[in-house]
Amino acid sequence: MKKLTLALIIACSLISCGSQAQTEKKENTVTEAIMGRRSIRKYQDKAVEKEKLQQIAEAGINAPNAMNAQGWAVRITQNKELISGIRGTHGGTALIFVAGRNAVDCGLMGQNMMLTAYDLGLGTVIMTGPLGGIKGNAYIM
């Protein structure tokens, strides 16, 4: 088993009415997604479709990474009990855990995921605070 350093958590959910994320599907360029995406902390209590989570994950694993090492691990959960036990999740209905040996690679992966989520009408926020209790390296299974 390889040691991975936990890098970030992405809370992902359908957005609440009135949030700044896009609520309607429209023609979207990369620049529009970059300029329009915001951290969202208020969500609808409705599960994210598995197809959308799969699309988000695929966008993440297609991110550039050092020497094409793909030295990361991604876990997605919609387990409400687990999510409610992690402080700062803001009521998100899905969590995406990203871990890796290279924080830059994990950041690139996370950005791909968040821009894809935005394009799918989902709001996201990066959280590292919930990881504060984890010291040093963590094993991802």
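Here are a few exercises, with worked solutions, on a predicted model of a protein.

**Exercise 1. Get your bearings**

Work out how many helices and strands the protein has, and in what order they run.

*Solution.*
Step 1: Count the elements. You should get 4 helices and 4 strands.
Step 2: Walk along from the N terminus. The order reads β-α-α-β-α-β-α-β.
Step 3: Look at how the chain meets itself. Of the contacts between residues at least 6 apart in sequence, 80% join residues at least 24 apart.
Step 4: Check the burial. The protein has 141 residues, and 43% of them are buried.

**Exercise 2. Find the largest nonpolar core**

Find which residues touch the most other members of the largest nonpolar core, and which elements give two or more residues to it.

*Solution.*
Step 1: Start with the members. This core has 15 residues, and the ones touching the most other members are Ile-56, Ile-96, Val-98, Met-109, Met-113 and Leu-122.
Step 2: Trace the core back to its elements. Two or more residues come from each of helix H2 (50-61), strand S2 (72-77), strand S3 (94-100) and helix H4 (103-119). The top contributor is H4, with 4 residues.
Step 3: Zoom in on Met-109. Skipping residues up to four places away in sequence, Met-109 touches Gly-60, Ile-61, Ala-63, Trp-72, Val-74 and Val-98.
Step 4: Don't stop there, as a second, separate core has 7 residues, including Tyr-43, Ile-83, Ile-86 and Met-127.

**Exercise 3. Pair two strands**

Decide in which sense S2 and S3 pair, and find the bridge partner of Val-74 in S3.

*Solution.*
Step 1: Compare the strand directions. S2 and S3 pair in the antiparallel sense, over 6 bridges.
Step 2: Pick out Val-74 and look across to S3. Its bridge partner there is Val-98.
Step 3: See how covered S3 is. Of its 7 residues, 6 are buried, so "mostly covered" is a fair description.

**Exercise 4. Describe a helix pair**

Describe how H2 and H4 cross, and say which residues meet.

*Solution.*
Step 1: Know what to look for. Two packed helices are described by the angle between their axes and the distance between the axes.
Step 2: Apply that here. The axes of H2 and H4 come within 7 Å and cross at roughly 145°. The crossing is right-handed.
Step 3: List the residues. From H2 you have Gln-55, Ile-56, Ala-57, Ala-59, Gly-60 and Ile-61, and they meet Met-109, Asn-112, Met-113, Thr-116 and Ala-117 in H4.
Step 4: Sort them by class. You get 7 nonpolar and 4 polar residues, with no charged ones.

**Exercise 5. Compare two contact partners**

For Gln-55 and Thr-116, work out whether each is buried or partly exposed.

*Solution.*
Step 1: Place them. Gln-55 is found in helix H2, while Thr-116 sits in helix H4.
Step 2: Use the cut-off. Thr-116 has a relative accessible area of 17%, and buried means under 20%, so Thr-116 is buried. Gln-55 has 40%, so Gln-55 is partly exposed.
Step 3: Check the spacing. The two residues are 61 apart along the chain, yet their C-alpha atoms are separated by 7.7 Å.
Step 4: List the contacts, leaving aside neighbours within four places in sequence. Gln-55 contacts Thr-116 and Leu-120, and Thr-116 contacts Gln-55, Ile-56 and Ala-59.

**Exercise 6. Check a loop**

Find the phi values of Met-67 and Gln-70.

*Solution.*
Step 1: Locate them. Met-67 lies in the loop between H2 and S2, and so does Gln-70.
Step 2: Read the angles. Phi is near 55° for Met-67 and near 50° for Gln-70.
Step 3: Add accessibility. Met-67 is exposed, at 85%, and Gln-70 is partly exposed, at 44%.

Technical notes
Residues numbered from 1 in each chain as written. Predicted model: local features only at pLDDT ≥ 70, side-chain atom pairs only at ≥ 80, totals over all residues. Heavy atoms only, no water. Core = buried A, V, L, I, M, F, W, Y, C linked by side-chain atoms within 4.5 Å. Buried < 20%, exposed > 50% of the residue type's maximum accessible area, 1.4 Å probe, protein only. Contact = heavy atoms within 4.5 Å. Axes fitted to C-alpha atoms, helices over the stretch in contact; angles between N-to-C directions. Left-handed = near helix turned anticlockwise from the far one by under 90°. Nonpolar A, V, L, I, M, F, W, Y, C, P; charged D, E, K, R; others polar. Pairing = 2+ DSSP bridges.
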